Amino acid sequence: MKLFQTFLCLCVLAVAAVAQPVIGGLKIGVPLTDAFNSVQNLSYPPASASNYEIGVYGEVRLPAKFSLEVDALHRGYTFKSQYGSTSASSWEFPVLLKYHLLGGPIRPFVDGGLSFSRLSGIQSLIVSPNHNANFGIVLGAGVDIHALVLHISPEIRYTGDALKNFDTVINSNRNQLAFLIGIGF
């Protein structure tokens, strides 16, 4: 009898866990603005940077069309100049409050919150960061398309960092605009 009660309790808990309004998945993105500007003078040649963004996200639905989203996004950077090239990586952790404007399978949303980031992996004399850690605000808008169990969420996102990571040969753009797509379950 005790085994049956334990089994029944586990089944109820499993059904309750599945019914929770939680979404998680993969988030990929591309920048719409340059992450860096190179200082152009006779001492240093222009440098170029390329980047991408990929990571995971989790979202918890809250009452009144609100939800809370937390991302862990990795960005890779490559700096190239006539003196050589180097790479770096950054982890960004946005915490967003999201408001869904409509109900149904296609739900436009706006979101906003804070972002915390950490820059690492630079092994070069060409560039050296002023700050390895950064924080800022995040604002975005997009649409959540719910098809069966799949959530596809294209979004335009603005990130305004408080500090410049680089302010030497390469200058960081504190204002970033990116296109992201979340694919979740």
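In the predicted model, Leu148 is located in the loop that runs between strand E7 (133-147) and strand E8 (150-161). The backbone of Leu148 adopts a positive phi of about 60°, although this residue is not a glycine. Most residues other than glycine have a negative phi. Leu148 has a relative accessibility of 80% and therefore counts as exposed, the cut-off for that class being over 50%.

A positive phi is also found at Lys65, where the angle is about 65° although Lys65 is not a glycine. Lys65 belongs to the loop between strand E3 (48-61) and E4. The relative accessibility of Lys65 is 40%, so this residue counts as partly exposed; that class lies between the limits of 20% and 50%.

These loops belong to a protein with one helix and 10 strands. Read from the N terminus, the order of elements is α-β-β-β-β-β-β-β-β-β-β, so that the helix precedes the strands. The protein has 185 residues, of which 36% count as buried. Its exposed surface amounts to about 10,500 Å², and carbon and sulfur atoms supply 69% of that area. When contacts between residues at least 6 apart in sequence are considered, 63% of them join residues at least 24 apart.

Lys27 lies in strand E1 (residues 22-31). With a relative accessible area of 2%, Lys27 is buried, because the limit for a buried residue is under 20%. The side chain of Lys27 is joined to that of Glu69 by a polar contact of 2.8 Å. The charged end of Lys27 also sits over the ring of Tyr57, at 4.8 Å from the ring centre. The buried Lys27 thus has both a polar contact with Glu69 and a place over the ring of Tyr57.

A second lysine placed over an aromatic ring is Lys98. The charged end of Lys98 sits over the ring of Phe109, and the distance to the centre of that ring is 4.2 Å.

Two aromatic pairs are found in a search of the whole structure. In one of them, the ring centres of Phe66 and Tyr99 are 5.0 Å apart and the ring planes stand at 55°, so the pair is tilted. This pair links distant parts of the chain, since Phe66 is in strand E4 (residues 66-81) and Tyr99 is in strand E5 (residues 84-100), with the two positions 33 residues apart in sequence numbering. Phe66 counts as partly exposed at 32% relative accessibility. Tyr99 is likewise partly exposed, with a relative accessible area of 30%.

The other pair is formed by Trp91 and Phe93 and is stacked. Here the separation is 6.3 Å centre to centre, with 15° between the planes. Trp91 has a relative accessible area of 38% and is partly exposed, and Phe93, at 37% relative accessibility, also counts as partly exposed.

Notes:
Residues are numbered from 1 along each chain as its sequence is written. This is a predicted model: local features need pLDDT of at least 70, side-chain atom pairs count only at pLDDT 80 or more; totals for chains, interfaces and linings use all residues. Side-chain values use heavy atoms; hydrogens and water are left out. Helices (H or I, at least four residues) and strands (E, at least two) are DSSP runs, numbered from the N terminus. Buried means under 20% relative accessible area, exposed over 50%, partly exposed in between (1.4 Å probe, protein chains only). Contact means heavy atoms within 4.5 Å. Accessible areas come from the Shrake-Rupley method with a 1.4 Å probe; for residues, only the protein chains shown count as cover. A polar contact is a pair of N or O atoms within 3.5 Å; within protein, one must be able to donate a hydrogen and the other to accept it, and residues adjacent in sequence count only if both atoms are side-chain atoms. Rings of Phe, Tyr and Trp (its six-membered ring) pair if their centres lie within 6.5 Å; planes under 30 degrees apart count as stacked, over 60 as edge-to-face and the rest as tilted. A charge sits over a ring if NZ of Lys or CZ of Arg is within 6 Å of the ring centre and within 35 degrees of the ring normal.
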